[in-house]
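Please take a guided tour of the structure below, with the model open in your viewer. Each stop suggests what to select and then describes what is there.

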Amino acid sequence: MTTGIRIGQGFDVHAFGEGDHVMLGGVRVPHAHGIVAHSDGDVVLHAVCDALLGALALGDIGKHFPPSDPRWKGADSRTFVRHCDHLIRHQGWMVGNIDVTVICERPKVGPHAEAMRRTIALDLGIDLDMVSVKATTTETLGFTGRGEGIAAQAVCLLIRT
């Protein structure tokens, strides 16, 4: 039996490397480091994609955009989000809401959270109040606490149209 709602969750992590910014939620955030990744390494959008894909059992971001494929080298992760949106709409679903938590000591997410919300809402064609972006630290514990990398987790609710 198919219900009229689906829930998905996603998680992504990347190590810090050379650079002067990170991409978070489609927003260029100044930082003392860049991200080590095949694409632009946007942990927020990667977690969102995995949540959307997972809600409909469509695999994960690596299945749709494999890191072994040179087409995705340095790719803008907003392309991935728009692809996921197309897939869910094509199957008769729409986003009910998205909730994202960024996990890091730095950079500070708060000053950029509204811009991230706007970008995600725009790419998914949904209202701003359907997207939440917040952050937490790990109180200096673990790889994020030591400033070695950044992580994000996302959940989404899909509603049958």
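Two residues are in contact when heavy atoms of theirs lie within 4.5 Å. In this predicted model, among contacts in the chain between residues at least 6 apart in sequence, 70% join residues at least 24 apart.

**The whole chain.** Begin with the full chain in cartoon view, where the secondary structure comes to five helices and seven strands, and follow the elements from the N terminus in the order β-β-β-β-α-α-α-β-α-β-α-β. The radius of gyration is 15 Å, close to the 15 Å that the globule rule gives for 161 residues, so the chain is as compact as a globular protein of that length. If you turn the model along its principal axes, the C-alpha atoms fill a box of roughly 45 × 35 × 25 Å.

**The sheet.** Next select strands 4, 1, 7, 5 and 6, which form an open sheet in that order, with mixed pairing. Strand 4 (34-35) and strand 6 stand at the edges, and because each has a single partner strand, one side of each is left without a neighbour in the sheet. Then keep strand 1 (residues 5-17) and strand 7 in view, since this pair runs in the antiparallel sense over 11 bridges; on this pair you can pick out Ala 15, whose bridge partner in strand 7 is Gly 149.

**A helix over the sheet.** Now add helix 4, which lies across strand 5 and strand 6 and runs at about 145° to strand 6.

**The core.** Which residues have the most contacts inside the largest nonpolar core? Select Leu 24, Leu 52 and Leu 158, which hold that place in a core of 48 residues. Among the elements that give two or more residues to this core are strand 2 (21-24), helix 1 (43-55), helix 3 (77-90) and strand 7 (149-160), while the largest share, 10 residues, comes from helix 1. In soluble globular proteins, nonpolar side chains tend to be buried together.

**Around Leu 24.** Stay with Leu 24 and show its surroundings: not counting residues up to four places away in sequence, Leu 24 touches Val 29, Asp 42, Val 43, Val 44, Pro 107, Val 109, Met 116 and Ile 150.

**The surface.** Finally, switch to a surface view of the chain, which exposes about 7900 Å², with carbon and sulfur atoms supplying 56% of that area. Buried residues, for their part, make up 50% of the 161 residues in the chain.

Methods: Residues are numbered from 1 along each chain as its sequence is written. This is a predicted model: local features need pLDDT of at least 70, side-chain atom pairs count only at pLDDT 80 or more; totals for chains, interfaces and linings use all residues. Side-chain values use heavy atoms; hydrogens and water are left out. A nonpolar core is a set of buried Ala, Val, Leu, Ile, Met, Phe, Trp, Tyr and Cys residues joined through side-chain atoms within 4.5 Å. Buried means under 20% relative accessible area, exposed over 50%, partly exposed in between (1.4 Å probe, protein chains only). Helices (H or I, at least four residues) and strands (E, at least two) are DSSP runs, numbered from the N terminus. Two strands pair if DSSP finds at least two bridges between them. Axes are lines fitted to C-alpha atoms, for helices over the stretch in contact, and angles run from 0 to 180 degrees between N-to-C directions. The radius of gyration is taken over C-alpha atoms; the globule rule is 2.2 Å times the number of residues to the power 0.38. Accessible areas come from the Shrake-Rupley method with a 1.4 Å probe; for residues, only the protein chains shown count as cover.
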